[in-house]
Amino acid sequence: MKGTISYWAGILCAVLTLGIWALALLVVLAVSEPYSDLRTTLLAGITLSLGAVLIYLPFLRRSCKFTLTDEYIEYTSGILYRMRRRISRRAVMVVTEMRTPVSYLCHTRTLMISAMGGSMMLPLLREKDAEALLTLLTPAERQKPEDKHEG
């Protein structure tokens with residue numbers, strides 16, 4: 001099983017970036033004097049930062065991937081510096097699902113996988129991927145047993 005972070009999480013990050021850019025633009029226009037070098041420099045810096053972030057976000061979304069095999073779960077992230085984390089499926093002790101108000105808007109979930117010797121966070125997963133991982137990674141002996149009545 002393979003997957004990436006949610007498409008909607010990337011859209012939300014882009015909208016938040018545009019909002020912060022607009023706020024910074026309004027502050028610069030309100031505080032600085034018209035036709036000053038400071039205003040020009042700040043506006044150019046803010047605009048270049050916006051462009052850099054909007055170019056970076058799609059690459060970041062594609063670079064964050066997880067892979068689940070019979071032996072391990074692996075999470076890879078990073079554009080300039082690639083980081084790869086791997087946990088053996090036999091070592092998984094607890095899988096925790098985290099939700100925030102933003103995760104309800106974007107239909108995403110974050111999983112925290114705790115294992116002997118470490119932990120791994122899988123952020124902003126699609127709901128269906130998170131459900132599948134939660135089912136597959138929860139140790140079988142710790143899953144909720146069905147009530148068995150001997151009669």
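**Exercise 1. Find the distance between the closest N and O atoms of Arg 109 and Glu 97, and place both residues.**

Step 1. Arg 109 forms a salt bridge with Glu 97, with the closest N and O atoms 3.0 Å apart. A salt bridge is a side-chain nitrogen of Lys or Arg within 4 Å of a carboxyl oxygen of Asp or Glu.

Step 2. Arg 109 lies in strand E6 (residues 108–115) and Glu 97 in strand E5 (residues 92–98), so the pair ties together parts that are 12 residues apart in sequence. Helices (H or I, at least four residues) and strands (E, at least two) are DSSP runs, numbered from the N terminus.

Step 3. Check the burial. Arg 109 is buried, at 9% relative accessible area. Glu 97 is partly exposed, at 27%. Buried means under 20% relative accessible area, exposed over 50%, and partly exposed in between (1.4 Å probe, protein chains only).

A note on the source: this is a predicted model, where local features need pLDDT of at least 70 and side-chain atom pairs count only at pLDDT 80 or more, while totals for chains, interfaces and linings use all residues. Residues are numbered from 1 along each chain as its sequence is written, and side-chain values use heavy atoms, leaving out hydrogens and water.

**Exercise 2. Follow Arg 109 to Glu 131, then name the network.**

Step 1. The side chains of Glu 131 and Arg 109 meet in a salt bridge, at 2.1 Å from N to O.

Step 2. Glu 131 sits in helix H4 (residues 127–137) and Arg 109 in strand E6, so to speak of distant parts of the chain is apt: they are 22 residues apart.

Step 3. Glu 131 is partly exposed, with 35% relative accessibility.

Step 4. Salt bridges link Glu 97, Arg 99, Arg 109 and Glu 131 in a network.

**Exercise 3. Is each partner in the Arg 84 and Glu 74 salt bridge buried or exposed?**

Step 1. Start with the pair. The side chains of Arg 84 and Glu 74 meet at 3.8 Å, N to O.

Step 2. Arg 84 belongs to strand E4 (residues 83–88) and Glu 74 to strand E3 (residues 72–77), so the bridge ties together parts 10 residues apart in sequence.

Step 3. Arg 84 is exposed, at 57%. Glu 74 is buried, at 9%.

Step 4. Count the bridges. The structure holds six salt bridges.

**Exercise 4. Describe how helices H1 and H2 are arranged.**

Step 1. The axes of H1 (residues 7–31) and H2 (residues 37–63) come within 10 Å and cross at roughly 175 degrees. Axes are lines fitted to C-alpha atoms, for helices over the stretch in contact, and angles run from 0 to 180 degrees between N-to-C directions.

Step 2. H1 and H2 are therefore roughly antiparallel (an angle over 145 degrees).

Step 3. Contact means heavy atoms within 4.5 Å. Among the H1 residues in the contact are Tyr 7, Trp 21 and Leu 29; H2 brings residues including Arg 39, Ile 46 and Arg 61.

**Exercise 5. What are the dimensions of the box that the C-alpha atoms fill?**

Step 1. Begin with the elements: four helices and seven strands.

Step 2. Taken along the principal axes, the box is roughly 85 × 35 × 25 Å.

Step 3. Of the 151 residues, 30% are buried.

Conventions. Angles under 35 degrees count as roughly parallel, over 145 as roughly antiparallel, 65 to 115 as roughly perpendicular and the rest as oblique.
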